[in-house]
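Student: Please take one part of this structure and look at it closely. I would like one connected account.

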Amino acid sequence: MWKEEDNRLKRTFKFNDFQEAFAFMTRVAFLAEAHNHHPNWSNVYNTVNIELTTHDAGNVVTDKDRKLAAAIDAI
């Protein structure tokens, strides 16, 4: 589940291996482009950490973040 903390929506995703994690990141990248809203994220082996915040709104959580989070969950 997404957790709102420090003006960010945060979630950690775990996969079976690096290839699955990277495939997920690729799909999220296409979603981010479609939403014109891009995550802060990191990847170590099978783990992807995502943080969403709206930079042009003063680095707070907005509907843009919630919509992208829901789209990511739908993957």
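Tutor: What follows is a close look at helix α1 and its surroundings. This is a predicted model, in which local features need pLDDT of at least 70, side-chain atom pairs count only at pLDDT 80 or more, and totals for chains, interfaces and linings use all residues. Residues are numbered from 1 along each chain as its sequence is written, and side-chain values use heavy atoms, with hydrogens and water left out.

Helix α1 covers residues 18-35, 18 residues in total. Helices here are DSSP runs of H or I with at least four residues, strands are runs of E with at least two, and both are numbered from the N terminus. From first C-alpha to last, α1 reaches 25 Å, close to the 26 Å expected. That expected span is 1.5 Å times one less than the number of residues.

Start at the beginning of α1. A side-chain oxygen of Asp17 comes to within 3.2 Å of the backbone nitrogen of Gln19. After α1 comes Asn36, with a positive phi near 50 degrees.

Now the buried residues of α1: Ala21, Phe24, Met25, Val28 and Ala32. Buried means under 20% relative accessible area, exposed over 50%, and partly exposed in between, with a 1.4 Å probe and protein chains only. These buried residues lie on the same side of α1, because they cover an arc of only 100 degrees around the axis. The arc is taken from the directions from the helix axis to the C-beta atoms. They pack against β2 (8-14), β3 (40-44), β4 (47-52) and α2 (63-73); contact means heavy atoms within 4.5 Å. On the other side of α1, Gln19, Arg27, Phe30, Glu33 and Ala34 are exposed.

Note on methods:
Polar contact = N/O pair within 3.5 Å; in protein donor to acceptor, adjacent residues only side chain to side chain.
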